[in-house]
Amino acid sequence: FFVQYGNWALAALQGDFGVSIRSGDSVLSMISERLWVTVWLALYAFVITVVIAIPLGIVAAVRRGSWIDRLASSLTLIALCTPAFAIGFLLLFVFSVQLDWFPGFGAGEGFLDTVWHLTLPALALATLQIPILLRQTRAAVMDVVDKDYVVFARARGLSSRRIWTRYILRNGSLPVLTSAGLILAFSLAGAVLIENVFALQGLGTMFVTSVGQLDLPIVQALTLLTAALILVTNLVIDLLYYALDPRLRRAGAAA
């Protein structure tokens, strides 16, 4: 067993993940064919999440206790309690079946057609991610707003724009950055239910099919790819931390 695993790991490091038990095709070529569907879906959902969650989280933190804050908290709670497949089926029924605005399955061909086909899946995936990033943004901004250096900056008579850009948003962005990075990694590796609901031939559907068929070479390769994505994401987050936080740079220089 250990010899077999060692041989597989050595070949995997060289880009050879073997062949599929069911089809006999190269695992790497099969993953390459479906990779871009998952990548486009993840990036599309991530953009929607960032555009909605961060501004709404900042507004909810600034006006905490207001109707905007209560509405945002209620919507995030509902979204967190709703299963992914239920959101997907609801969007399909309303916008594809009833209104006929978007296609109900497939990934399309070409850039504009792909964006059109992936709009509903991306919205379904973003609905699961927005509550997490919104809550993190709200908590981070609320924590920074009451810090002593922000109060001192207001006492010095600095403009609100400078206080927000230089003190609040910059310091509050660090925990938000962590959440955003993990959300992106989840989008790339965990959009299994969404891909199955919308019949997208991505890595998620491949993983489910391979598990059902006991196609171990594909399962091993996708598991390794997921782990690598999480590691790379964490590395990028650490580097961005170093770029955004001057305290880390000074500590590194002193060491």
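Helices in this account are DSSP runs of H or I with at least four residues, numbered from the N terminus, and the model to which they are applied here is a predicted one. On that basis Trp40 belongs to helix α2, which covers residues 27-62. Its relative accessibility is 39%, and because the partly exposed class lies between the 20% limit for buried and the 50% limit for exposed, Trp40 is counted as partly exposed. Once residues up to four places away in sequence are set aside, Trp40 touches Phe111, Thr114 and Leu118. Of these partners, Leu118 lies 78 residues from Trp40 along the chain, yet the C-alpha atoms of Trp40 and Leu118 are separated by 8.1 Å.

Helix α1, residues 2-13, can be checked against the length expected of it: at 1.5 Å a residue its 12 residues should span 16 Å, and the end C-alpha atoms are indeed 16 Å apart, which agrees. Within α1, the residues Trp8, Ala11 and Ala12 are buried. Viewed down the axis of α1, the buried residues fall within an arc of 100°, so they line one face of the helix. The general background is that an α-helix has 3.6 residues a turn, so residues three or four places apart point the same way. On the face of α1 turned away from the buried side are the exposed residues Phe2, Val3, Leu10 and Leu13. After α1 comes Gly15, which has a positive phi near 90°.

The largest pocket has a volume of about 410 Å³. It is lined by 20 residues, of which Leu75, Ala79, Thr127, Ile130 and Pro131 are the closest to its centre. Helices α2, α3 (67-81), α4 (84-98) and α5 (111-145) each contribute at least two residues to this lining, and the largest share, six residues, is supplied by α5. In chemical terms, the lining of the largest pocket consists of 17 nonpolar and three polar residues, with no charged ones.

Further along the chain, Thr205 sits in helix α9, residues 203-212, and with a relative accessible area of 7% it is buried. Apart from its neighbours within four places in sequence, Thr205 is in contact with Arg34, Glu195, Asn196 and Leu200. Leu214, by contrast in setting, is placed in the loop between α9 and α10 (216-244), and its relative accessible area of 60% makes Leu214 exposed. The phi of Leu214 is near 55°, a positive value in a residue other than glycine.

Conventions:
Residues numbered from 1 in each chain as written. Predicted model: local features only at pLDDT ≥ 70, side-chain atom pairs only at ≥ 80, totals over all residues. Heavy atoms only, no water. Buried < 20%, exposed > 50% of the residue type's maximum accessible area, 1.4 Å probe, protein only. Contact = heavy atoms within 4.5 Å. Expected span 1.5 Å × (residues − 1). Arc of directions from axis to C-beta. 1 Å grid on protein atoms, 1.4 Å probe; cavity = no way out; pocket = protein on both sides within 12 Å on 5 of 7 lines; lining within 4 Å. Points joined across faces, edges and corners; volume = space filled by probe spheres on them. Nonpolar A, V, L, I, M, F, W, Y, C, P; charged D, E, K, R; others polar.
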